[in-house]
Amino acid sequence: MAKTTFAKTRLMAPVGIRILSTSQSSQKEVTVAPLIEQRKNRPLSPHLTIYQPQLTWYMSMFHRVTGGAVAVGFYAGAVGYAVAPMVGMGFDAAAITSVIATVPVGAKIAAKFIVAYPFTYHCLNGIRHLAWDTTRFMTIKGVYQTGYAVLGLSTVSAVALALI
Amino acid sequence: MALRLAASPLALSRSTPSLRLASAMRSSSALNARVYFHASRSTASTAGQTSDDVTAAYQAVPYKTITPNQVHGSYHWDFERLLTISMIPLFAASAIHGAHPITDGLLGVVVPIHCHMGFDAMVTDYLHPGNTGKWGNKAVVWTLRGVTVLALVGCYQFNTTDIGLTELVKRSWTA
């Protein structure tokens with residue numbers, strides 16, 4: 001392209017076209033940083049806010065959210081236990097159980113349900129995912145039936161766990 | 001569930017700029033083909049360009065050629081599913097039998113790795129080089145790896161010097 005522009009301008013130089021091309025000789029010299037900055041300012045079309053609520057993607061989103069929540073809790077406990085001696089903070093099983101024992105019963109049951117429900121939902125929906133990976137229930141009907149089963153079972157088992 | 005598509009070959013057609021753009025946008029949908037639109041001229045020197053030059057400025061260029069990586073293939077997927085399947089009997093044994101050094105030890109390894117793979121999928125989806133930059137993504141990925149190592153260490157220490165994961169859940173649940 002530079003050659004044709006060069007050839008054109010050598011024969012006749014219309015006003016407004018530069019004689020020398022300023023395109024970069026090596027494509028690797030291009031910096032990508034300005035493009036990333038541009039992309040950050042680019043507006044996005046609405047997606048999650050306008051798509052019709054459906055069991056399929058709501059449950060998929062909830063699977064990820066509950067997985068993240070339980071994992072953050074697990075990591076907080078494990079990493080906290082690992083670094084607590086360095087920070088001088090007493091963080092062991094005895095401390096945890098003694099703190100929990102001081103909480104009133106009603107709050108304990110509510111808290112246990114709030115902790116148990118993401119766990120049971122994620123476990124049961126995880127089994128649903130594994131069933132899909134064996135190509136089972138890969139129909140609209142199958143997805144919805146297993147979906148409602150997971151919703152029901154996870155609620156019931158979370159209530160049961162909270163009442164232990 | 002996020003599907004990991006195999007990298008599709010980038011075939012830039014040698015036709016008009018608009019078709020090049022279309023093929024670049026098609027190939028940019030492949031998860032592992034990092035296609036960036038690059039400007040062949042800096043934004044400062046846009047005066048006096050013909051429309052042809054401006055279209056050429058958006059010619060797609062692969063940011064990086066794709067080298068085969070085991071992570072991009074089915075081994076990673078297999079490993080993830082096997083790990084997840086193993087958690088079912090592990091949790092069941094833990095719930096039924098109670099504390100045991102072997103199940104607690106396995107839980108202390110399997111659960112952090114499962115969490116790590118989940119977090120890694122979320123990083124791939126929401127904190128990729130496209131919106132955090134190459135080094136932002138690298139920082140997040142390596143931070144996640146470090147935190148997972150800390151979690152593994154914490155689980156090991158808890159299982160060996162304290163009461164163990166299953167017993168902790170049992171005692172705190174009935175405290």
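# Exercises on helix packing in a two-chain model

Helices α4(A) and α6(B) are roughly parallel to each other. The model is predicted, and the exercises below start from this pair.

**Exercise 1.** Determine how α4(A) and α6(B) are oriented and which residues join them.

*Solution.*
Step 1. Locate the two elements: helix α4 of chain A covers residues 93-101, and helix α6 of chain B covers residues 165-173.
Step 2. Consider the axes, which come within 9 Å and cross at roughly 20 degrees.
Step 3. Apply the cut-off: angles under 35 degrees count as roughly parallel, and the pair is therefore assigned to that class.
Step 4. Assign the handedness: the crossing of α4(A) past α6(B) is right-handed.
Step 5. List the contacts. On the side of α4(A) stand A:A93, A:I96, A:T97 and A:I100, which meet B:L168, B:R171 and B:S172 of α6(B). Classified by residue type, this contact comprises four nonpolar, two polar and one charged residues.

**Exercise 2.** Describe the overall make-up of chain A.

*Solution.*
Step 1. Count the elements: chain A has six helices and zero strands, giving the pattern α-α-α-α-α-α along the sequence.
Step 2. Assess burial: 27% of the 164 residues of chain A count as buried.
Step 3. Examine the contacts with a separation of 6 or more in chain A: residues 24 or more positions apart account for 67% of them.

**Exercise 3.** Compare the span of helix α6 of chain A with the expected value, and identify what its buried residues pack against.

*Solution.*
Step 1. Helix α6(A) runs over residues 140-162 and has 23 residues.
Step 2. From first to last C-alpha, α6(A) reaches 33 Å, close to the 33 Å expected at 1.5 Å a residue.
Step 3. The buried residues of α6(A) are A:G142, A:V143, A:T146, A:G147, A:V150, A:S154, A:A158 and A:A162.
Step 4. Relate the spacing to helix geometry: an α-helix has 3.6 residues a turn, so residues three or four places apart point the same way.
Step 5. The partners of these buried residues are α3 (55-87) and α5 (105-133) of chain A.

**Exercise 4.** Characterise the loop residues A:T135 and A:F137 by backbone angle and exposure.

*Solution.*
Step 1. A:T135 is placed in the loop between α5 and α6 of chain A, and A:F137 lies in the loop between α5 and α6 of chain A as well.
Step 2. Although not a glycine, A:T135 has a positive phi of about 70 degrees; A:F137, also not a glycine, has a positive phi of about 60 degrees.
Step 3. With a relative accessible area of 64%, A:T135 is exposed, whereas A:F137, at 43%, is partly exposed.

**Exercise 5.** Analyse helix α3 of chain B, including the position of B:S86 and the residue that follows the helix.

*Solution.*
Step 1. The 24 residues of α3(B) should span 34 Å at 1.5 Å a residue, and the end C-alpha atoms are 35 Å apart, which agrees.
Step 2. Buried in α3(B) are B:E80, B:R81, B:L83, B:T84, B:M87, B:L90 and B:S94.
Step 3. These buried residues pack against α5 of chain A, together with α4 (101-126) and α6 of chain B.
Step 4. B:S86 also belongs to this helix, residues 74-97, but B:S86 is partly exposed, with a relative accessible area of 29%.
Step 5. The C-alpha atoms of B:S86 and B:V110 are separated by 8.3 Å, the two residues being 24 residues apart along the chain.
Step 6. After α3(B) comes B:G98, with a positive phi near 90 degrees.

Definitions and conventions: Residues are numbered from 1 along each chain as its sequence is written. Chains are lettered from A and ligands numbered from 1 in the order in which they are written. This is a predicted model: local features need pLDDT of at least 70, side-chain atom pairs count only at pLDDT 80 or more; totals for chains, interfaces and linings use all residues. Side-chain values use heavy atoms; hydrogens and water are left out. Axes are lines fitted to C-alpha atoms, for helices over the stretch in contact, and angles run from 0 to 180 degrees between N-to-C directions. Helices (H or I, at least four residues) and strands (E, at least two) are DSSP runs, numbered from the N terminus. Angles under 35 degrees count as roughly parallel, over 145 as roughly antiparallel, 65 to 115 as roughly perpendicular and the rest as oblique. A crossing is left-handed if the near helix is turned anticlockwise from the far one by less than a right angle, and right-handed if clockwise. Contact means heavy atoms within 4.5 Å. Ala, Val, Leu, Ile, Met, Phe, Trp, Tyr, Cys and Pro count as nonpolar, Asp, Glu, Lys and Arg as charged, and the others, Gly among them, as polar. The expected span of a helix is 1.5 Å times one less than its number of residues. Buried means under 20% relative accessible area, exposed over 50%, partly exposed in between (1.4 Å probe, protein chains only).
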